[in-house]
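Me: I'd like some practice reading strands, cores and helices in a model. Could you walk me through a few?

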Amino acid sequence: MVIKVKNLVKRYGDLIALDHLSLEVKEGEIFGLLGPNGSGKTTAINCILSLLKYDKGTIEVYGRQMSPDAYDIKRRIGIIMQNVAVFDELTVYENIDYFCGLYVRDKKRRKQLVDEAIEFVGIKDFVKFYPKKLSGGLLRRLNIACGIAHKPDLIILDEPTVAVDPQSRNNILEGIKRLNSEGATILYTSHYMEEVEEICTRIAIMDKGKIIASGTKEELKGMINSGERLTVELFKTDSSIIDGVLNLPNIVSAEFDGNLLIVRSIKGKNNLLKLLDYLKSRDIDVGKVYSEPPTLNDVFLEITGKELRD
Amino acid sequence: MQVFKAFFKIIVKNLGQILIYIVVFLSVTVALTKLNNTADYTGFTETKVNIAFINNDEDSWLVEGLRNQLLKHTNIISVDDDTRKLQDALFFREVEYIVRIPHGFAEKFLNKEDVTIEKTTIPNSSREIYIDMLINKYLNTAKAYISYSDGLSGETILSQIEKDLAQETKVSMAFPTDNITLIEQRAFFFNYLAYALFAVLILGVSSVMMVFGKPDLKRRNLCSPLRQREMNFQLIIGNVSFAVITWLLLSITGFFLFGSYMLSLNGLLFMLNSLLFTFAALSISFLIGNVVKTQNAMHAVTNVVALGTSFISGVFVPQDLLSESVLRIGSFTPTYWYVVNNNTIANLVNFSTEKLVSIFGNMLIMSGFTAAIISITLVITKQRRTSN
């Protein structure tokens with residue numbers, strides 16, 4: 001086990017930021033910590049890194065109790081903070097070299113690692129730039145390069161794609177998958193369910209400082225009753241249509257969004273066919289039709305009663 | 001030594017602002033030295049006071065002798081014997097002393113009766129004493145000859161008096177090769193150094209400390225395997241190196257301006273004094289760097305601390321011209337003790353134990369400031385760490 005957190009409690013006065021949080025990250029996996037803003041993801045990461053004192057619980061990393069002076073454990077960890085933490089006064093190259101130098105003393109080896117990190121995140125053309133001259137996406141890539149240059153065994157990424165353009169986001173996500181394929185264990189936090197769904201092998205969903213569900217994405221989706229989400233473009237909208245659809249088997253909700261009929265169903269067979277048969281029976285013309293499987297947002301919605309991005 | 005290297009990279013990035021203070025300091029001190037070195041001071045020059053000499057007595061060898069004696073050391077100005085005109089002459093400083101020989105003076109004096117010479121002077125004039133001394137010296141000598149040399153003629157007595165009074169004592173100046181301007185320049189250079197050092201150190205040190213104190217960078221560094229103790233050690237080495245380099249750079253100008261004087265005991269004391277002040281200024285800069293959070297605040301604090309302490313401690317305005325209450329406030333800053341020492345060292349000729357004890361005592365006070373401020377900074381940083 002790479003990380004083992006048990007019954008972690010962190011209080012800020014009366015506010016409970018972490019409420020008996022427990023999680024385990026296994027070697028070689030990409031573990032996603034998914035939750036809305038303020039759910040306690042960053043607090044959990046800070047506690048794991050011993051940046052915050054906690055009130056109760058235990059944290060083990062690589063089988064040893066984590067503490068501020070656990071320097072041999074820290075040496076194996078790469079951290080990419082939510083806020084970009086680089087020196088504005090140092091160039092891109094100097095920044096990566098500085099952070100890599102905190103872990104690797106040998107100059108020759110360090111130079112090789114820094115060059116590899118620059119290559120890895122694709123910022124070779126910007127090595128002499130100062131951070132303030134970089135775009136948001138490039139800055140995030142620099143932040144990642146600073147965190148991974150020393151080739152850590154465990155990489156903790158705390159919302160690394162916030163305020164990043166799609167191109168850089170894809171680059172970052174691809175990079176994380178590559179790091180994992182090269183042997184690094186990843187702990188990834190985000191409030192973007194698509195990202196977590198795309199790259200994580202196991203996911204824990206957090207809300208109000210608690211893990212409310214965890215497992216693979218398939219396991220998580222299997223925990224809920226929600227089936228697919230059906231979207232049908234109609235050329236005629238009538239409230240009687242909603243009433244009729246709601247009377248169909250397995251249908252949980254139906255509503256119009258403009259001329260789109262959006263229907264949620266519980267698990268069951270042929271829900272889409274039954275809906276289309278009904279519309280045909282009412283002689284209603286149909287345009288485009290989509291059927292989407294349940295998402296992690298549906299999981300979150302069903303468990304907490306609110307949207308992930310609320 | 002990643003932190004140490006980063007320290008100097010941050011300094012280099014802020015070099016523009018730092019250089020402004022260094023260039024201003026060098027320009028001002030060099031300009032003042034080069035432009036203000038013409039007024040040579042030769043040690044002692046006799047000046048002649050303008051006086052009026054009014055004789056209401058009859059002409060006699062005694063009065064004529066006095067007049068001639070005064071003429072050697074004063075300028076006798078001719079003023080009509082009219083009260084109003086004499087008062088005007090005094091008021092407009094045409095004369096500073098009026099000697100009036102009363103009627104019957106010579107006769108009474110030769111008969112050994114008590115007599116007085118009337119004098120009118122400018123109130124509180126320091127030169128009054130000088131003229132009094134000249135007159136008293138002449139009359140006392142004359143009285144001695146008249147009392148104890150019976151039978152000598154007036155001419156003989158007069159020639160004896162002139163011979164006696166012509167005798168002079170040779171005075172050697174204690175610092176014959178120096179002049180007042182040079183002494184003032186040295187004191188000014190090292191006094192002004194306090195402002196330049198303070199400004200440069202606050203800017204440099206607080207720029208770096210602010211960067212390392214940024215919450216995100218601080219947390220990022222804490223995640224690394226670099227021990228906190230080692231990180232602090234590298235920061236301290238960086239701070240001390242920067243301070244010593246700044247001190248060397250600024251004080252080395254003194255060697256260009258004052259040459260071999262800087263290798264004299266005075267020069268070495270100046271250097272030691274400025275080095276100890278550098279550490280005191282460094283400790284204050286370190287405190288500011290740990291307290292200040294923004295660039296704007298840093299510039300404001302630089303001006304307030306560097307300029308403020310310089311003004312109240314006698315860097316720009318001589319301490320002699322500052323009021324007692326200002327100096328009392330100034331004495332709560334190391335700059336005050338630094339300036340006191342500079343002024344003492346500049347005028348130091350006789351390296352007496354008393355003088356050296358005073359200088360080293362002031363150096364101890366400066367070192368005390370350094371220790372106290374570092375302790376306060378450590379307490380503040382520790383409190384912050386534990387309150388998190």
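Reply: Sure, let's take a strand, then the cores, then a helix; keep in mind that this is a predicted model.

Me: Which way do the residues of strand S6 of chain A point?

Reply: Start by sorting the side chains by direction. Ile77(A) and Ile79(A) point one way from S6(A), residues 77-80, while Gly78(A) and Ile80(A) point the other way. All of them are buried. Then look sideways for the partner: S6(A) runs parallel to strand S7 of chain A (residues 154-158), joined to it by four bridges. Ile77(A) sits opposite Leu154(A) of S7(A).

Me: Okay, cores next. Which residues touch the most other members of the largest nonpolar core?

Reply: A core here is a set of buried nonpolar residues linked through side-chain atoms within 4.5 Å. The largest has 122 residues, and the best-connected are Phe87(A), Ile96(A), Tyr98(A), Ile176(A), Ile186(A), Tyr188(A) and Phe212(B). Helix H8 of chain B (residues 180-213) gives the largest share, 22 residues. A second, separate core of 32 residues includes Leu51(A), Leu52(A), Val61(A) and Ile79(A).

Me: And a helix: where do the buried residues of H3(B) fall, seen down its axis?

Reply: Check the buried list, then the angles. In H3(B), residues 61-73, the buried ones are Leu62(B), Val63(B), Gly65(B), Leu66(B), Gln69(B), Leu70(B) and His73(B). They fall within an arc of 160 degrees, so they line one face of the helix.

Me: What covers those buried residues?

Reply: Among the covering elements of chain B are strands S1, S2 and S3 and helices H5, H6 and H7.

Definitions and conventions
Residues numbered from 1 in each chain as written. Chains lettered and ligands numbered in written order. Predicted model: local features only at pLDDT ≥ 70, side-chain atom pairs only at ≥ 80, totals over all residues. Heavy atoms only, no water. Buried < 20%, exposed > 50% of the residue type's maximum accessible area, 1.4 Å probe, protein only. Helix = DSSP H or I, 4+ residues; strand = E, 2+ residues; numbered from the N terminus. Pairing = 2+ DSSP bridges. Expected span 1.5 Å × (residues − 1). Arc of directions from axis to C-beta. Contact = heavy atoms within 4.5 Å.
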